[in-house]
Amino acid sequence: MSMDEQTIMTAESGAREYLTFTLGREEYAMDILKVQEIRGYDSVTQIANTPDFMKGVINLRGVIVPIIDMRIKFNLGNAVYDEFTVVIIINVLGRVIGMVVDGVSDVVTLSPGQIRPAPEFGSGINAEYITGIGTVNEQMLILTDIERLIGSADMQLTAAADNRLDLAA
Amino acid sequence: MTIDLSQFYQVFFDESSEHLAEMERIFLAIDPANPDDEDLNAVFRAAHSIKGGAGTFGFPDMAVVTHTLETLLDKVRHHELALTPEMVDIFLQAGDAISMQLAGHRDGSRVDQQVVERVCERLQAIAANSTAPSAAAPMQAATPAPAEPPPETSPITTYRIVFTPPADLYNRMVRMEPIFDELKTMGEFTVTGRIETQQEFDGYDPTRCRMAWEMTLTTERTVEDIREVFMFVADEEELFIEKQSPEARHTAAPPPQPSDSAAGNGSVMGRRMYDRNEAAPGAYGRRAGETAEASSIRVGVAKVDQLINQMGELVITQAMLAQCAQQLDPVQHEHLHRALSLLERNTRDLQESVMSIRMMPINFIFSRFPRLVHDLAEKLGKQVELKLVGETTELDKGLVEKLADPLTHLVRNSLDHGIESPEVRIAAGKSPQGTITLKAAQQGGRVVVEVADDGAGLNRERILAKAAQNGLPVSDSMSDEEVWQLIFAPGFSTAEQVTDVSGRGVGMDVVLRNVHAMGGRVNLFSSPGTGSRVVISLPLTLAILDGLSVRVGSETFIMPLNSIIESLQPLPSDLNEVGRKNTTVHVRGEYIPLMRLDDIFSIAGAARRPEEAVVMLVDAEGERVALLVDELLGQHQVVIKSIETNYRKVDGTAGATILGNGQVALILDAVDMVRLWRTH
């Protein structure tokens, strides 16, 4: 089955494709259309006076891209950097951002029937950014709303979020 | 003024051709019974731009025809006159006539005066038939002015010129090289520098000028012409010019000496390197003389951007290759090494060529203005001095081109509405001579261009009255800022008389439109009696910077070369603790506050003792601060990349760049850093 046919099929059934990644022992999933590429972790240029999880910026083919470490942000897993460290480059809110995760596992297709609403429970990521729970091969997947997460004030990635933070302070 | 405008003719020809093509396109598509207001405005603006350019560059015959055309278009635009198919026809003929005149100036082809006269007559006939024939006094359209009379020539004379500048010459940002260059164009020119006042080496201050220059110039120009070259530099008593007798010319002419070392002597190191680089032939923004037609192609900015991005990638790839090759035995892989060094050279050449496509000094447009101001001031019977500041600020070519129109409008407005007539100025207790200042500077991530005058300022009442008359929503309770915004409305003009200088109210809406199109902002400041100031702030989407890379701990930063005054290694005795945290550096009698880069940017592992590190004196908008860094790495030309595209502004920086090893380095912004340090 070609890529196009698959897309048409999934579009008809309302199913969508998700990229799954791990943070600590939890398995997360995000909309694959937001993913630009997956790459290894290179040395970054640090930016002063930023939170711990903001690792710095890298040069991605001439574009300067900020790198955030989700493991530090959500206090999950071990923030070690070696040849197995994975950075998912995502394209949200018109920005290109890299996020460090423990690992990228799979691309799965989930139909709306496979997704259940997220219960109010304490996962690593704040419930606000969780759109639902999916099940694939009896494994639980936490579906994240990556756009909202990146745009949120406590990520401090955008100037607008910064202003909101100022108001709150 | 002796500025050669011919270098800009090509741009004017190109722009005018575009405007004409645009006019034709709209006229061919327009529905005379039901014309679109936006189309009419667009045609009018095109005609207005051509007229403005023709006036500036001294093509009075074109200005006459466009003025007549514009007068009629203005009426149509204001619905004083209904558009008819016949008018569209004549408008198209007028466009052809202007094209013909344009071709005449560009290629020297024949211009059929009969056609031009006939078009003018028909345009005037229509204008005269309308209700208010007096609105625009037609200029003597039928008699196109002949070509400019040849400049007066006087017999060839040799002058001895002695310029003894005050000691603060360099602090006033005056550079002698352009003046020498200009004199060189006037005739046979030699210059010798001499030290005017001796001083002990101890306590020597390199920023003071202790030079005097002695020049000889053999030219057919007059003494006044020479004085004009020094106009913004020398006061009357500092400049001595005498005619030399022919015999003296042989005996007294000093041997030509290279003026370069002498002229640069008192200048500070950082700036000198920058300047020298910039003055080099083929350096950025310098254009080889554009003479032949079609010597330029207009290319979309996106294409150039793409080219520059790809260039950056190539440089990085090349640096990577070089790094790999270093690990190979140079004897065994001799061919590879040779090929790689060739690649490096070619890459550098290519990079320079690619970059030079986009960057040019703003002087490219600034230097049009002395002539414009001179001519206009004469026409209006005003005395005006034009000051140009920061002409070497480099700007994206796309921005420079788009900035030309708005700036022309602003300067015209300042002259026409801002500066008062000498009598009014004297009555107001001001000097009879008004001043218009054109200023450009890079401020953080933006280029700021400012047009300021010391005229009457904006008149609140008149603007409100006029706005009410034009049907704009106004009230007396509006703040000044809101009132100033009104003049940006299309069709707004406070001028009582319609002149061919300005006053049709196209100026400010064109300015706003053009600046917005560049992603810029316009701010207007005005105070009654003391003048007004229009500040255009443009984003620095792409610019090249001469920078010094410095190391602090394990991090590399780029400091713009133009804000570095000097670098020095301090003696322990030069350092003084002030309070618990602050330190000052004692440099030639001045105590300069020391900023630690590692504190500001929270970097670990940097040298803590200033005497083990390097102190860089930087200029933060007139304020001097010392910056402590571990090491100076080298001078580079760097492409400024925006961090804000994907992230947000980083305090203390003016953007980032990509180094040869592919790493990102932040570009420091002295002013912002001082602010950050103060609030630290």
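**Sheets, a helix pair and a chain contact in a predicted model**

Four bridges tie strand β16 (residues 582-587) of chain B to strand β17 (residues 590-596) of chain B, and the two run antiparallel. One of the residue pairs here is B:His586, whose bridge partner in β17(B) is B:Tyr591. The model is a predicted one, and everything below should be read that way.

Zooming out from that pair, β16(B) and β17(B) sit in an open sheet of six strands, ordered β14-β18-β19-β17-β16-β15 (chain B), with mixed pairing. At the edges are β14 (564-568) and β15 (575-578) of chain B, each of which pairs on one side only. Direction ignored, neighbouring strands of this sheet are turned against each other by 35 degrees on average. Helix α21 (residues 670-679) of chain B lies across part of this set, namely β17, β18 (614-620) and β19 (623-629) of chain B, and runs at about 105 degrees to β18(B).

A second open sheet in chain B has four strands in the order β2-β3-β1-β4, and here the pairing is antiparallel. The edge strands this time are β2 (187-195) and β4 (239-244) of chain B, each pairing on one side only. Neighbouring strands of the four-stranded sheet are turned by 15 degrees against each other on average, again with direction ignored. Strands in a sheet pair through backbone hydrogen bonds, in either a parallel or an antiparallel way.

Walking across the four-stranded sheet from the β2 side, nine bridges join β2(B) to β3(B), with the strands antiparallel. Within this pairing, B:Gly187 has B:Thr219 of β3(B) as its bridge partner. Next comes the link between strand β3 (residues 211-219) of chain B and β1(B), which is made by seven bridges and is antiparallel too; there, B:Thr158 is matched with B:Thr218 of β3(B). Finally, strand β1 (residues 157-163) of chain B is joined to β4(B) by six bridges, with the two strands antiparallel. B:Tyr159 has its bridge partner in β4(B), and that partner is B:Lys243.

On the helical side, helix α4 (residues 85-107) of chain B is worth a look. The helix has 23 residues and reaches 33 Å from its first C-alpha to its last, close to the 33 Å expected at 1.5 Å a residue. The buried residues of α4(B) are B:Phe91, B:Ala94, B:Gly95, B:Ala97, B:Ile98, B:Gln101, B:Leu102 and B:His105. An α-helix has 3.6 residues a turn, so residues three or four places apart point the same way. After α4(B) comes B:Gly108, with a positive phi near 75 degrees.

α4(B) packs with helix α5 (residues 113-129) of chain B at an angle of about 145 degrees, and the axes are 10 Å apart. The crossing is left-handed. From α4(B), the contact draws on B:Met87, B:Ile90, B:Gln93, B:Ala94, B:Ala97, B:Met100 and B:Gln101, while α5(B) supplies B:Val115, B:Val116, B:Val119, B:Arg122, B:Leu123 and B:Ile126. Sorted by class, the residues of this contact come out as 10 nonpolar, two polar and one charged. B:Ala94, B:Ala97 and B:Gln101 thus turn up both among the buried residues of α4(B) and in the contact with α5(B).

For chain B as a whole, the count is 21 helices and 22 strands. Buried residues make up 35% of its 680 residues. Among contacts in chain B between residues at least 6 apart in sequence, 71% join residues at least 24 apart.

Chain B also touches chain A, in a contact that takes 22 residues from chain B and 21 residues from chain A. On the chain B side, the elements giving two or more residues are α11 (301-326), β21 (653-658) and β22 (664-668). That side splits by class into 10 nonpolar, six polar and six charged residues.

In chain A, one residue picked out for a closer look is A:Gly40, which lies in strand β3 (residues 35-40) of chain A. Is A:Gly40 buried or exposed? A:Gly40 counts as exposed because 11 other C-beta atoms lie within 10 Å, and the cut-off for exposed is 12 or fewer. Its contacts, leaving aside neighbours within four places in sequence, are with A:Glu83, A:Thr85 and A:Val87. A:Gly40 and A:Val87 are 47 residues apart in sequence, yet 5.7 Å apart in space, C-alpha to C-alpha.

Note on methods: Residues numbered from 1 in each chain as written. Chains lettered and ligands numbered in written order. Predicted model: local features only at pLDDT ≥ 70, side-chain atom pairs only at ≥ 80, totals over all residues. Expected span 1.5 Å × (residues − 1). Buried ≥ 20, exposed ≤ 12 C-beta atoms within 10 Å, placed from the backbone. Contact = placed C-beta atoms within 7 Å. Nonpolar A, V, L, I, M, F, W, Y, C, P; charged D, E, K, R; others polar. Pairing = 2+ DSSP bridges. Axes fitted to C-alpha atoms, helices over the stretch in contact; angles between N-to-C directions. Left-handed = near helix turned anticlockwise from the far one by under 90°.
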